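Got the viewer open? Let's take a walk through this one, stop by stop.

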Amino acid sequence: MKIGLAQINTTVGDMRGNLQKVSDAYAQLCSRGAELVIFPELVVCGYPPRDLLLKGRFVEESLGVLEEFARETGDVPALVGFVERNEGGEGKPFFNAVAFCLSGKWEVVTRKCLLPTYDVFDEERYFEPARKPGVVEVGGARVGVTVCEDLWNQPEVVARQRYAEDPVHVLAGAGLGLVVNLSASPWHVGKEQDRLGLLQQTVSTCGCPVAYCNLVGGNDELIFDGHSLVLGVKGDVIHAGKGFQEERVVVDLAEPSGKPSGPQVEDLENVRSALVLGLQDYASKSGFRKAILGLSGGIDSALTAALAAEALGPGNVTGVSLPSSISSQHSRDDAKTLAENLGIHYHSLGIAPVVEGAEEVLAAIFAGREVDVTEENIQARARGLLLMALSNKFGALLLTTGNKSELAVGYCTLYGDMCGGLAVISDLPKCMVFDLARHMNRDSELIPLNTIEKPPSAELRPDQKDEDSLPPYPVLDAILERYVGEGWSAGEIIGDGFDREIVRDIIRKVDRNEYKRKQAAPGLKITPLAFGSGRRMPIVQRFDADRA
C-alpha cells in the first residue's frame, strides 16, 4: 500500500484556510499515487481548539467544512481528524473523532480512546472517550485507526500507565495489515526518540506496519514538530519525516527499509528550529508582520533578536537600545554591533529623562526613605513604557527576552522587562541560552562574542552582576530542574549534593514569584514542563516547600 502523509500546518478556528490546505494536500498526494491519505488529529478545526468548542457555531462550521471536503474525495480514501457531536445524551458534548472520507461521502471510523489531562492537555473537559479504536478496510487490508494519545499507554514502554485501557493491545488480535495514528503531538527536547519507541512497540504488538502523521506548526505556546514516521513490519524506519516544516509525502510500504529519509538533527538545532517556527506562527497567525524588542547588550536579548530575524526576516525586526546612566559602554556597543550583524533596524533611546521625571514626581512621597530596588525597577519600567509605545505606534509585536531561570526565581520586573506579547526564550534555562547562542554563531558571528563571554548583569545599579543575587547558573539550573521540572523536595535536592541554604533560598524565590509568572507573556514550550498552562500552582498558599 502507498500511504500519503499530509503533515500540514493548520490554524485553530480557520476552517476555510484549513480546508484549503487539506484539499490541496489530498489532491497532491492522490496525483502521486497515494492509496490512502492520512491527516493529523483535529485537522479540520486546528489543535488545540480549547474553549472555542463551547462557542455555538464552532463545531457546526467545522462539520460543514468536513462535509465540503468529503464531497471532493474520489476513490482514494482519506482519514481526517475532526470534532464530532456526542448525540447520545450522556457524557461530554463531543468526541475527538476520525472521518473516513471516500467517493464524496464520509463516516466516523474511530474516536479517541485516551484523553490526556496532564501538562498542557485538558481533553476530558470537552470530549467523551471511546471504548476501543476503530478498524476500516482499505484495498483489502484491515487498518487500525488510533488518535495521538491512544499509543501512549503501552506498558512495555511507558514508565507509568495513566489509563486502565491500552488501545494498542485491543488491536493486537484484529488481524491488521496496518495501524495508523493521527496525531497532534507537541514537541519538546527528546520527544522524537520517545515516539519512535512507542511506534516500534506498536509494530511489535500488532505485527504490522505503522504510519504516524503528526501536525506541524505553532499554536499559542505549543510547537508541533511534524517528524511523521512510517515503520515496517520489523520496526524498521521506512520514512522519517521532516521536522518543523510542512511535508506531503507518499510512502510505499513495499519499499525496502534503509536509512531514514529525514535528517537526523542535534537537539540544539531542533531547539532553534522550534523557536523560529513558534515565533513565526505566533506572529503571522495573530496578524503581526513585524516585531520589536529591547536590546540590552546581554545574551538573552541578543538570542531573542537572532531568532526573530530568522523567523520574520531582518527587515521586519527592530531592536531598541534603552541605556540609562548606569548602562556600560560595552553593553551599548554590543547592542549596536548585534543589530548590524543581524541586519535589523536599530534605535537608541536614553531613558534618563523618563527615570528622572518619575523620581521627581515621587520625591515628596519617598522623602526620608532609602534608595532600594524600587528605584532600580523604575528603570526597567521606563524601558517597558517606551517599548510598549513603539509597539502600539508601529503595530509591531513586542518580544520579551527573559529566560526560564530568571523567570523561575523572579529575577525580572513586572511591567518592565516582562512587558510584551510573546516570551520567546522563557522556557530556556540560562545555560541553554548560552549553548544556543553559540550554536547560532556556528557559521558566522551573529551574536557578539563579548555578549556571550561577559558576566550576565541586569545593569540596574553600578557594577551589578547576576551572581550578586543568584548562585552560578549551572548550579541554579540544576536545582530548578529538580524542583520545578522533576518535583523533588528540598531534602531530596540537598541529598543530591547541593548546599542547604542555596536550595532553600531558590525554592523560596520560586514559590514567592508565582504571581509574576501568572502575569507573564505566553512563552514557547520546548521542555517537558514549561511555566504556563502545563504548570498550575496557586498564587496564595502556605505550603512550606523549602523546609528540609
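Is glutamate 165 buried, partly exposed or exposed? Select it and turn on the surface: at 47% relative accessibility, glutamate 165 counts as partly exposed. Keep in mind throughout that this is a predicted model.

**Stop 1: around glutamate 165**

You'll find glutamate 165 in the loop between β7 (141-147) and α3 (167-171). Now add lysine 132 to the selection: the two are 33 residues apart in sequence, and their C-alpha atoms sit 8.8 Å apart in space. For the contacts of glutamate 165, show Leu114 and Asn153, which are what it touches once neighbours within four places in sequence are set aside.

**Stop 2: zoom out**

Colour the whole chain by secondary structure and you get 16 helices and 19 strands. The radius of gyration is 26 Å, close to the 24 Å that the globule rule gives for 548 residues, so the chain is as compact as a globular protein of that length. Along its principal axes, the C-alpha trace spans about 85 × 50 × 50 Å.

Colour by burial next: buried residues make up 55% of the 548. The accessible surface comes to about 23500 Å², and carbon and sulfur atoms account for 50% of it. As for how the chain folds back on itself, take the contacts between residues at least 6 apart in sequence: 73% of them join residues at least 24 apart.

**Stop 3: into the core**

Which residues have the most contacts inside the largest nonpolar core? Select Leu303 and Leu399; the core around them has 46 residues. The elements giving two or more residues to this core are α5, β15 (291-294), α6, α7 (329-342), β18 (397-400) and α11. Helix α6 makes the largest contribution, with ten residues. In soluble globular proteins, nonpolar side chains tend to be buried together.

Stay on leucine 399 and show what surrounds it. Beyond its neighbours within four places in sequence, leucine 399 is in contact with Leu279, Ala291, Ile292, Leu293, Thr304, Ala308, Leu422 and Val424. Apart from this core lies another, of 42 residues, including Ala25, Leu42, Val43 and Leu222.

**Stop 4: helix α11**

Isolate residues 430-440, which form α11, and pick out the buried ones: Lys430, Val433, Phe434, Leu436, Ala437, His439 and Met440. An α-helix has 3.6 residues a turn, so residues three or four places apart point the same way. Then bring the surroundings back: the cover over the buried residues of α11 includes α5 (267-286), α6 (299-312), α10 (404-409), α12 (449-453) and α13 (473-485).

**Stop 5: salt bridges**

The structure holds 27 salt bridges; here are a few to click on.

Start with glutamate 246 and lysine 21, whose closest N and O atoms are 2.9 Å apart. Glutamate 246 lies in the loop between β13 (237-240) and β14 (247-252) and lysine 21 in helix α1 (residues 15-31), so this pair ties together parts that are 225 residues apart in sequence. Glutamate 246 is partly exposed, with a relative accessible area of 29%, and lysine 21 is partly exposed too, at 26%.

Next, arginine 50 and aspartate 220 form a salt bridge with their closest N and O atoms 3.7 Å apart. Arginine 50 is in the loop between β2 (36-38) and α2 (58-72) and aspartate 220 in the loop between β10 (216-219) and β11 (222-225), so the pair ties together parts 170 residues apart in sequence. Arginine 50 is partly exposed, at 25% relative accessible area, and aspartate 220 is partly exposed at 48%.

What about burial for glutamate 123 and lysine 112? Both are buried, and their side chains meet in a salt bridge with an N to O distance of 2.9 Å. Glutamate 123 and lysine 112 are in the loop between β5 (105-111) and β6 (134-138), eleven residues apart.

For a network of salt bridges, select Glu269, Arg272, Glu310 and Arg442, which are linked together in one.

**Last stop: a nonpolar patch outside**

Swing round to the surface and select Tyr515, Ile539 and Val540, which make a nonpolar patch of about 320 Å². Valine 540 is placed in the segment after α16 (514-518). Why does valine 540 count as exposed? Because its relative accessibility is 78%, and the cut-off for exposed is over 50%.

Note on methods:
Residues numbered from 1 in each chain as written. Predicted model: local features only at pLDDT ≥ 70, side-chain atom pairs only at ≥ 80, totals over all residues. Heavy atoms only, no water. Patch = residues over 30% accessible without salt bridge, like charges linked within 9 Å, V, L, I, M, F, W, Y side chains within 5 Å. Areas by Shrake-Rupley, 256 points an atom, 1.4 Å probe, with all protein chains shown as cover. Salt bridge = Lys/Arg side-chain N within 4 Å of Asp/Glu carboxyl O. Helix = DSSP H or I, 4+ residues; strand = E, 2+ residues; numbered from the N terminus. Buried < 20%, exposed > 50% of the residue type's maximum accessible area, 1.4 Å probe, protein only. Rg over C-alpha atoms; globule rule 2.2 N^0.38 Å. Contact = heavy atoms within 4.5 Å. Core = buried A, V, L, I, M, F, W, Y, C linked by side-chain atoms within 4.5 Å.
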